[in-house]
Amino acid sequence: MRINAFHLWLSKVMELSPSQLDQALSCFNKQQQSTAIVTILHKECQSCPHCSSNNIKRWGNAHGLPRYRCAGCHKTFNMLTGTPLARLRHREHWLEYSQALIDGLSVRKASSQCGISKDTAFRWRHRFLQSIASNEPTHLHGIVEVDETYFLESHKGERHLSRQPRKRGGKASKRGLSSEQIPVLIARDRNHVTLDAMLPKADVESISKVLTPVVDSDAILCSDANPIYKVFTKKSHIQHITLNLSAGVRVQKNAFHIQNVNAYDSRLKGWMRHFNGVATKYLPNYLGWRRCIEKFAGELSPNIMLNQALG
Ligand SMILES: [Zn+2]
């Protein structure tokens with residue numbers, strides 16, 4: 001648009017009625033989103049997703065994206081090849097969908113907000129969360145608080161149940177901890193770097209598998225009096241502080257406590273509650289989803305979420 005025509009057009013904006021202004025704003029929003037999507041998806045590819053070779057060349061366009069060809073394996077690809085979002089349709093809604101993830105919307109609400117079917121919203125949820133869930137921290141430093149929390153086992157959405165289905169959300173039929181409770185380990189250091197892991201069992205072997213590669217050898221592990229942490233730290237020569245909460249010991253030396261990890265647990269539980277029970281096979285995806293929201297906190301934008309989903 002020529003500059004004079006633009007100024008004339010701009011001067012007319014003041015004459016819009018409130019409903020026209022709403023229509024115009026939603027139009028701007030869509031335009032802004034499609035520009036942002038193009039910026040993200042047209043990023044230059046650096047290597048071949050099939051063989052990792054850097055010897056790649058631009059090879060025209062396909063499916064609305066720049067295409068590349070690898071000189072090593074001769075395969076063509078674009079920047080979505082090999083990502084969890086490859087071959088998903090309706091890219092124009094991806095940023096709106098990313099916002100729905102930030103807002104923790106249900107499948108039904110995300111589908112109506114983005115104008116996509118419920119099936120699509122459900123499929124997208126787990127495709128978007130695939131990379132996000134696997135993006136666990138590689139190091140925990142300094143004071144590391146650990147705790148285990150439990151989620152009710154659920155076969156939501158699965159056919160051929162071996163027992164009568166529970167009402168949505170539901171309660172365990174046995175009191176206390178039982179095989180119906182799925183243990184999840186949460187470890188959080190004082191830089192707010194957080195690791196979560198669904199455990200086959202809350203025992204020394206399972207926590208060792210998760211913590212050994214990640215917790216620095218000079219870290220100080222803080223936990224409650226559960227003996228599994230004592231055995232683990234002794235075996236791996238990591239310093240350990242036990243908070244005997246039942247004896248009222250919540251803090252030691254003004255620094256050692258598990259209040260950050262406990263607060264994280266309760267935010268996670270509160271946030272999970274409005275999904276009305278989560279199928280156990282998808283639990284790691286939900287843990288990753290929450291971890292991502294916490295990691296970026298107020299900075300989390302649809303662009304960041306989409307980039308995280310692309311891996
Ligand atoms: Zn290749």
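Let me start with one pair of residues: Tyr 68 stands opposite Phe 77 in strand S3. What we are looking at is a predicted model, and I will work outward from that pair.

Strand S2, which covers residues 65–70, pairs with S3 in the antiparallel sense over two bridges. These two strands belong to an open sheet of three strands, ordered S1-S2-S3, with antiparallel pairing. Strand S1, at 56–62, and strand S3, at 76–77, stand at the edges with a single partner strand each, so one side of each has no neighbour in the sheet.

Now to the packing, where the largest nonpolar core has 44 residues, and where Tyr 97, Ile 132, Val 144, Val 146, Ala 187 and Leu 221 are the ones with the most contacts inside it. Helix H5, residues 118–134, gives the most to this core, contributing six residues. There is also a second, separate core of five residues, and among them are Ile 56, Tyr 68, Cys 70 and Phe 77, which brings back the two residues I opened with, Tyr 68 and Phe 77 standing opposite each other.

Staying with Ile 132 for a moment, if we do not count residues up to four places away in sequence, Ile 132 touches Gly 288, Trp 289, Cys 292, Gln 308 and Ala 309.

Let me turn to the parallel pairings. Strand S4, residues 143–152, runs parallel to strand S7, residues 220–223, and three bridges join them; within that pairing, Glu 145 has Cys 222 in S7 as its bridge partner. S7 is in turn joined by four bridges to strand S8, residues 239–242, and these also run parallel, with Ser 223 standing opposite Thr 242 in S8. Between S7 and S8 the chain passes through helix H7, residues 227–236, and this β-α-β crossover is right-handed.

My last stop is Glu 153, which lies in the loop between S4 and strand S5, the latter spanning 181–189. Is Glu 153 buried, exposed or partly exposed? It has 17 C-beta neighbours inside 10 Å, and because the cut-off for buried is 20 or more and that for exposed is 12 or fewer, Glu 153 counts as partly exposed. Leaving aside neighbours within four places in sequence, Glu 153 is in contact with Glu 180, Gln 181, Ile 182 and Thr 280. As for Val 278, which is 125 residues away along the chain, its C-alpha atom is separated from that of Glu 153 by 8.3 Å.

How values were computed. Residues numbered from 1 in each chain as written. Predicted model: local features only at pLDDT ≥ 70, side-chain atom pairs only at ≥ 80, totals over all residues. Pairing = 2+ DSSP bridges. Right-handed = clockwise from strand over helix to strand, strands pointing away. Contact = placed C-beta atoms within 7 Å. Core = buried A, V, L, I, M, F, W, Y, C linked by C-beta atoms within 7 Å.
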